[in-house]
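Trainee: I am new to this structure and would like a close look at a single part, namely the aromatic rings and the core around them. Could you take me through that slowly, in one connected account?

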Amino acid sequence: MTVAIAPLTAEHIPLAAQRYDRWFARARRPPSQRSWLADGPVRGEELLGKLQNAPGLEACRALDADGALIGHLAAVPLDLAPDNPAALRSHPHSALVPHGGHALPAGRESEVLRALYARVAERLVAERRLVHYVDVPAGETATAPWSDLGFGRELVHGLMAVKARGRQPRGVGGLAIRRAGPGDLPQVGRMAAESSRGQRGAAMFQPQPEAALAALRLRYTDALADPRCGAWIASRRGEEIGMVLVVPAAPGPVVPESCVELMEAFVEPAARGEGISRVLLATALAWAYDNGHRYMSARWHSASPLSAGHWPQTGFRPVAYRLSRTLDGRIGGPPGTY
């Protein structure tokens, strides 16, 4: 069948939003998800409305043989300063297809996506944006068409139900847990930076610019003073050896109402394996429940030797992924060099 590609402009947003809502409802509930995982609000019109105003947006739509809109793809440029903490997780000159940024027709997902991506990627490469990200709900329906293009899972977005206190993890000898406040910014910032710096190693190999790490040390100034956020520090024999920090999460397609996000979690390497992380998480979960939150979300690198096994074991289940594709840096060289 013929797939024609044309620009996606403001007049096409209402129909594209309808397509997105139908596609997302089909894609976001894979059989592997447990029934207690709540669905976040699907707001295709809201998501696409924000996208169309994004500076530098690269967007196009797919049309069938009759000229009907059957899919769309929209990528937002990412340009991050060296001292932006976001540069710790994303390439500073890249592009992202966020939630709302694409929708595909049932039965023709790979075919239509290939045509859409060929057009958008050509423009991105012309701008030397060689790292491409896409946010997708977990499950084969959403991930398989992108896998066919060479995209792989880079970040996992997990969700856990927050329940009333049940069986608590076994205590750790000599461990004390206290609530952190504004005066604990140096300790929280140091441990957040140490956690991020660890991503330089195998098998993540994520550059962690020192300027961004310095900014990360100050990132949670407001959170530590905000009663809607929660942070705790674990210490033993007067030495601070771990921390956890959670903040309210904005509802979205894979984030339900009444959810908090696990922003930071860290245990000193010498103290790992004793259950300290589980005690800290249980403390945060109990606080979250008492404050009306019923879900907790977390993100981790799929290649992390620590996080990729630990967080699913504690109860987080994947609800979304950030997929990525890195193109050969020689593409922008003289013809014939790649």
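Mentor: In this predicted model, a search of the whole structure finds nine aromatic pairs. One of them joins Y20 and W23, whose rings are tilted with respect to each other, standing 6.0 Å centre to centre with 40 degrees between the planes. Both residues belong to helix α1, which covers residues 13–27, and they are three residues apart, about one turn of the helix. Are these two residues buried or exposed? Y20 has a relative accessibility of 1%, and because buried means under 20%, Y20 counts as buried; W23, with a relative accessible area of 2%, is buried for that reason as well. The pair is also part of a wider grouping, since ring pairs link Y20, W23 and F24 into a cluster.

Another aromatic pair is formed by W311 and F316, and here the arrangement is edge-to-face, with 5.8 Å centre to centre and 85 degrees between the planes. W311 and F316 are both buried.

From the rings we can turn to the nonpolar core. The largest one has 78 residues, and those with the most contacts inside it are W23, L116, W146, L262, I276, M296 and F316, so that list, by the definition of such a core, names buried residues. Helix α8, made of residues 276–290, gives the most to this core, contributing eight residues. To see how one member is surrounded, take L262: leaving aside its neighbours within four places in sequence, L262 is in contact with V244, L245, V246, M296, S297, A298, W311 and F316, and the last two of these are the partners in the edge-to-face pair described above. A second core, separate from the largest, has 19 residues, including M191, A212, Y220 and V247.

Rings also meet charged groups in this model. The charged end of R294 sits over the ring of Y289, at 3.9 Å from the centre of that ring, while the charged end of R322 sits over the ring of Y133, again 3.9 Å from the ring centre.

One further arginine completes the picture. R236 lies in strand β9, which spans residues 230–236, and with a relative accessible area of 13% R236 is buried, because the cut-off is under 20%. Not counting residues up to four places away in sequence, R236 touches V172, G173, G174, I241, A271, E274 and I276; of these, I276 is among the residues with the most contacts inside the largest core.

How values were computed
Residues numbered from 1 in each chain as written. Predicted model: local features only at pLDDT ≥ 70, side-chain atom pairs only at ≥ 80, totals over all residues. Heavy atoms only, no water. Phe/Tyr/Trp six-rings, centres within 6.5 Å; stacked < 30°, edge-to-face > 60°. Helix = DSSP H or I, 4+ residues; strand = E, 2+ residues; numbered from the N terminus. Buried < 20%, exposed > 50% of the residue type's maximum accessible area, 1.4 Å probe, protein only. Lys NZ or Arg CZ within 6 Å of the ring centre and 35° of its normal. Contact = heavy atoms within 4.5 Å. Core = buried A, V, L, I, M, F, W, Y, C linked by side-chain atoms within 4.5 Å.
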